[in-house]
Amino acid sequence: MAEEEQDTAPLLQIRQSAEPSVRRTGNVGTAVAHIITGVIGSGVLSLAWSMAQLGWIAGPLTMVAFASITLTSTFLLCNSYRTPNPEHGPHRNRSYLEAVHNNLGERRAWICGIFVQIGLYGLGIAYTVTSAISMRAIQKSNCYHREGHKALCEYEDTSYMLLFGVLQIVLSQAPNFHNIKWLSFVAAVMSFTYSFIGLALGLAKVIGHGYVLGTIGGVSASSAVEKAWLISQALGDIAFAYPYSIVLIEIQDTLKSPPPENETMKKASTIALSITTFFYLCCGGFGYAAFGDATPGNLLTGFGFYEPYWLIDFANACVVLHLVGGYQVYSQPLFANTERWFEKKFPRSGFVNRNYELKLPLYSPPLQINFLRLCFRTVYVASTTTIAMIFPYFNQVIGVLGGLNFWPLTIYFPVEMYLKQRKVEAWTRKWITLRIFSAVCFFMAIFALTGSMEGLLSAKLS
């Protein structure tokens, strides 16, 4: 991109330079592993609650529907990895934003970049809320174990959010993502661990009961309007748990060819989403079967489980470790994009470009301090922490994020890129089908976003 175009898009990083020599060795198996790691996260903890709002028929069907929508979107998006031909095109788009830029132009890439950065910022808020709730749950679990299940074990989560924020300020001073790549591995292991613990606890409780709770219609509400709001929040939570569009192109860029990368990616996505959907159905189903109308919003912190307390503590500790790493995994690209724009905009500024060495005792090598990095990243983390403290509501926050990001990033841009790349003529059968698909998903996302916003404001005002 020309420098004048870069100046108009500070949040957008497009790699247009000549492709470096990269040895790509990925296959279906590695792609499946990357996808599952990217999809399964803290959103799994809300699926039992979502199932409870929808009931035994609509709940599973909705999860399967979101899996089908995500898979369809994936099939469209993976064709955008190469341009102009999806299988033999000479140019590789190595990121989601680069694919949007080369297929749809600079203006829509800029709009896409805004949605991406809003989504990354929102994840920072959600991770702060979730980590604080999990840290508080550890303290409550120990209190219940020590003083009994009917004890008043109430604690504020503000101090935990501040603690999480301080830790993120320290970690965010790492110059780039390569300095913290070990966090990504730790985060992936932790996400699998607490997800399986939540599933196992739900299954054990159902076996212990000897019967299944829940109804076809889900949790009852005082009015049809209230029920509609709960359903919309459930849709937002499920929407948050599924898509992985932002990382799909990066995963595809690791694949060897032949066979064509889009063919391998379609196979891997089908396998990975089938496994994920089965896992999600088990987590949501066993959680709802164990608690029925009393299903907590967060399966590990709602205290449907009291014992074994050490296992619940361990699971919540895994949640915290996952989110500590996840916050940086998703924030570092935003840091890099913004700081790169400042460097280009103010090339002679010492505040922006100069690094200072700070030698600490018993630590080598010396730390590299950059004042722009120190100030911007500190303000960024402080802002996500502040918003999290204002809206510390797990289900509502992830519902808002799911409703906000699902349609533009998972549906709209993949559909538009496919239509443009394949040169699909207007009013043909394929054109009409994809437009209807996009429109239906748009209204569903608006419904989920509206209900989640209403739930967020109601929780705050109450």
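**Close-up views of a predicted model**

**View 1. Helices H5 and H13 cross in a right-handed way.** This is a predicted model, as are all the views that follow. Here H5 and H13 pack with their axes 8 Å apart, at an angle of about 55°. That angle makes H5 oblique to H13. On the H5 side, look for Leu-120, Tyr-121, Gly-124, Ile-125, Thr-128 and Val-129. Facing them from H13 are Tyr-380, Ser-383, Thr-384, Thr-385, Ile-387 and Ala-388. Sorted by class, the contact of H5 with H13 has seven nonpolar and five polar residues, and no charged ones.

**View 2. Helix H11 also meets H13, with the two axes coming within 11 Å.** H11 covers residues 309-345 and H13 covers residues 371-390, and their axes cross at roughly 135°. How does H11 lie relative to H13, then: oblique or roughly antiparallel? The answer is oblique, because roughly antiparallel is kept for angles over 145 degrees. The crossing of H11 past H13 is right-handed. H11 brings Tyr-327, Ser-331, Gln-332, Leu-334, Phe-335, Thr-338, Glu-339 and Phe-342 to the contact. H13 answers with Leu-372, Arg-373, Phe-376, Arg-377, Tyr-380, Val-381 and Thr-384. In terms of class, the contact of H11 with H13 has eight nonpolar, four polar and three charged residues. Tyr-380 and Thr-384 of H13 are worth picking out here: they are part of the contact with H11, and they are also part of the contact with H5.

**View 3. Helices H4 and H5 pack with their axes 7 Å apart.** H4 spans residues 96-104, H5 spans residues 106-147, and the angle between them is about 155°. H4 and H5 are therefore roughly antiparallel to each other. H4 passes H5 in a right-handed crossing. From H4, the residues in the contact are Tyr-96, Leu-97, Val-100, His-101 and Leu-104. From H5, they are Glu-106, Arg-108, Ala-109, Cys-112, Gly-113 and Val-116. The class count for H4 with H5 comes to seven nonpolar, two polar and two charged residues.

**View 4. Tyr-242 and Tyr-280 make an edge-to-face aromatic pair.** A search of the whole structure turns up 17 aromatic pairs. In the pair of Tyr-242 and Tyr-280, the rings sit 5.1 Å apart, centre to centre, with 70° between the planes. The two residues come from distant parts of the chain, 38 residues apart. Tyr-242 is in the loop between helix H8 (224-241) and helix H9 (245-252), whereas Tyr-280 belongs to helix H10 (residues 261-291). Are these two tyrosines buried or exposed? Tyr-242 is buried, and so is Tyr-280.

**View 5. Phe-342 and Phe-346 form a stacked aromatic pair.** Their ring centres are 6.2 Å apart, and the planes are 20° from each other. Phe-342 is partly exposed, with a relative accessible area of 24%. Phe-346 is partly exposed too, at 38%. Phe-342 turned up earlier as one of the H11 residues in the contact with H13.

**View 6. Five aromatic residues come together in one cluster: Trp-407, Tyr-412, Phe-413, Phe-442 and Phe-443.** While in this part of the sequence, find Asn-405, which sits in helix H14 (residues 394-421). Asn-405 is buried, with a relative accessible area of 13%. Setting aside residues up to four places away in sequence, Asn-405 touches Phe-115, Gly-119 and Thr-410.

**View 7. Leu-45 sits in the loop between helix H2 (28-39) and helix H3 (47-77).** Which residues does Leu-45 touch, not counting those up to four places away in sequence? They are Tyr-194, Gly-297, Asn-298, Leu-299, Leu-300, Val-319 and Phe-394. Loop or not, Leu-45 counts as buried at 3% relative accessibility. Leu-199 is 154 residues from Leu-45 along the chain, with 9.5 Å between their C-alpha atoms.

**View 8. Leu-167 lies in helix H6 (residues 158-171).** At 38% relative accessibility, Leu-167 counts as partly exposed. Leu-167 and Arg-23 are 144 residues apart in sequence, and in space their C-alpha atoms are 36 Å apart.

Key. Residues are numbered from 1 along each chain as its sequence is written. This is a predicted model: local features need pLDDT of at least 70, side-chain atom pairs count only at pLDDT 80 or more; totals for chains, interfaces and linings use all residues. Side-chain values use heavy atoms; hydrogens and water are left out. Axes are lines fitted to C-alpha atoms, for helices over the stretch in contact, and angles run from 0 to 180 degrees between N-to-C directions. Helices (H or I, at least four residues) and strands (E, at least two) are DSSP runs, numbered from the N terminus. Angles under 35 degrees count as roughly parallel, over 145 as roughly antiparallel, 65 to 115 as roughly perpendicular and the rest as oblique. A crossing is left-handed if the near helix is turned anticlockwise from the far one by less than a right angle, and right-handed if clockwise. Contact means heavy atoms within 4.5 Å. Ala, Val, Leu, Ile, Met, Phe, Trp, Tyr, Cys and Pro count as nonpolar, Asp, Glu, Lys and Arg as charged, and the others, Gly among them, as polar. Buried means under 20% relative accessible area, exposed over 50%, partly exposed in between (1.4 Å probe, protein chains only). Rings of Phe, Tyr and Trp (its six-membered ring) pair if their centres lie within 6.5 Å; planes under 30 degrees apart count as stacked, over 60 as edge-to-face and the rest as tilted.
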